[in-house]
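Let's take a walk through this model, starting from the empty space inside and working outwards to the rings and the fold. Keep the viewer open as you read.

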Amino acid sequence: MAGARDRARHALSLVDPGESRSVFVLAHRALGTAATAEGDHESAYRHYRALFDDRGNPAHYHLSHPALPELATAASRAGRRAEATRIVDGVEATLPGAGALAARRSALVRLSRAVLAPVEDAEADFGAALENPVLGWRPFELAQAQLAYGEWLRRRRRIAEARQPLVEAEAVFLRLVARPWTARAQAELRAAGDRNGTARPDAFAALTPQQQEIARLAARGLTNREVAEKLYLSPRTVGSHLYRAFPKLGITARSQLRDVVDGVSADTAGS
């Protein structure tokens, strides 16, 4: 972590923020992530805050916005909710003119609002963020949303509901080697009663019936094309279903499907 911080600070020392805004934003986001991992939420907030002005205008038109939920999380833990809410309000006001970027920014705004909202008012914003299909193309941002929602559910003592989004978030963070985020997801899973912080075979029940059938066939060694022929689907559809199923099952490779499916069969036989 110290090495990442030193490199980010060195990068900042080499550029003029007005001329190299991308470097400025990426360096501050790296410093904010390092501070968050160390529990220094005030410092994290200052770094994320540098990515927006008082009206929510971004330092970089594209790179600032993905950090909005991180800014909101740091603000909520550092007692800066009111200031962060003004920034989120400003970003939301720009959505009508955001064109093709509006859908993604809308999801980020709703997630940020959920983090900043009073506990009893957050669920609608979490739901809107998680249901936004654009996050399906952004695994890290989707995992961030799932982690934040799982944390919220656990703190509301809705333990059984909290485990699934936490398992899905952990799987993505593991795949991306996002260690601080993985550790946070695993800590939440342990707090939710999952001793290992990893997915269990009963996660299979969370798949749709079609995803379950695809997973069973893939576990037998069939290719996407062979599975598609058996189920009268396109190979692309099969691949899409498997891509969405892997995080739910807590796996990152096709070769792990057999263990999951065998575990489900063993549980069924023993019941």
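The largest cavity has a volume of about 130 Å³. A cavity here is a set of points on a 1 Å grid, laid over the protein atoms alone, where a 1.4 Å probe fits but cannot get out, and a residue counts as lining if it has an atom within 4 Å of a point. Grid points are joined across faces, edges and corners, and the volume is the space filled by probe spheres set on the points. This cavity has 14 lining residues, and Pro-69, Glu-70, Thr-73, Trp-181 and Arg-184 sit closest to its centre. H4 is the main contributor to this wall, with five residues, while helix H3 (41-49), H4, H6, H8 and H10 each bring at least two. Helices, for the record, are DSSP runs of H or I with at least four residues, strands are runs of E with at least two, and both are numbered from the N terminus. By class, the lining comes to seven nonpolar, four polar and three charged residues. In that scheme Ala, Val, Leu, Ile, Met, Phe, Trp, Tyr, Cys and Pro are nonpolar, Asp, Glu, Lys and Arg are charged, and the others, Gly among them, are polar.

Before going further, a word on what you're looking at. This is a predicted model, so to speak of local features a pLDDT of at least 70 is needed, side-chain atom pairs count only at pLDDT 80 or more, and totals for chains, interfaces and linings use all residues. Numbering starts from 1 along each chain as its sequence is written, and side-chain values use heavy atoms, with hydrogens and water left out. The pLDDT (the predictor's confidence in each residue, from 0 to 100) averages 83 over the protein, and 87% of the residues score at least 70. Confidence peaks in helix H5 (residues 81-93), at a mean of 93, and bottoms out in helix H14 (residues 257-270), at 64. Where pLDDT is low, the predicted coordinates should not be read in detail.

Back to the voids. The structure holds two cavities of 30 Å³ or more, and the second largest has about 60 Å³ of space. Its lining is made of Tyr-61, His-62, His-65, Pro-66, Leu-101, Arg-104, Arg-105 and Leu-108, which split into four nonpolar, two polar and two charged.

What about open space? A pocket is an open set of grid points with protein on both sides within 12 Å along at least five of seven lines. The largest pocket offers about 530 Å³. Of its 16 lining residues, Gly-136, Trp-137, Leu-142, Tyr-243 and Arg-244 lie nearest the centre. Helix H8 (139-155), helix H9 (159-175) and helix H13 (235-249) are the elements that give two or more residues to this lining. The second largest pocket holds about 330 Å³, and it too has 16 lining residues, with Ser-76, Arg-81, Val-115, Trp-152 and Arg-155 nearest its centre. Here H8 gives the largest share, four residues.

Now for the rings. Rings of Phe, Tyr and Trp (its six-membered ring) pair if their centres lie within 6.5 Å; planes under 30 degrees apart are stacked, over 60 edge-to-face, and the rest tilted. That rule yields six aromatic pairs. One of them is Phe-140 with Trp-181, edge-to-face at 5.4 Å centre to centre and 85 degrees between the planes. It ties helix H8 to helix H10 (residues 179-191), with the two partners 41 residues apart in the chain. Phe-140 is partly exposed because its relative accessibility is 23%, whereas Trp-181, at 13%, is buried (buried means under 20% relative accessible area, exposed over 50%, partly exposed in between, with a 1.4 Å probe and protein chains only). Trp-181 also pairs with Phe-173, this time tilted, at 5.7 Å and 35 degrees. Elsewhere, ring pairs join Phe-126, Tyr-149 and Trp-152 into a cluster.

Over in helix H13 you'll find His-241, buried at 11% relative accessibility. Leaving aside residues up to four places away in sequence, His-241 touches Gln-210, Gln-211 and Ile-214, where contact means heavy atoms within 4.5 Å.

Zooming out, the protein has 14 helices and zero strands. Of its 271 residues, 44% count as buried. Among contacts between residues at least 6 apart in sequence, 57% join residues at least 24 apart.
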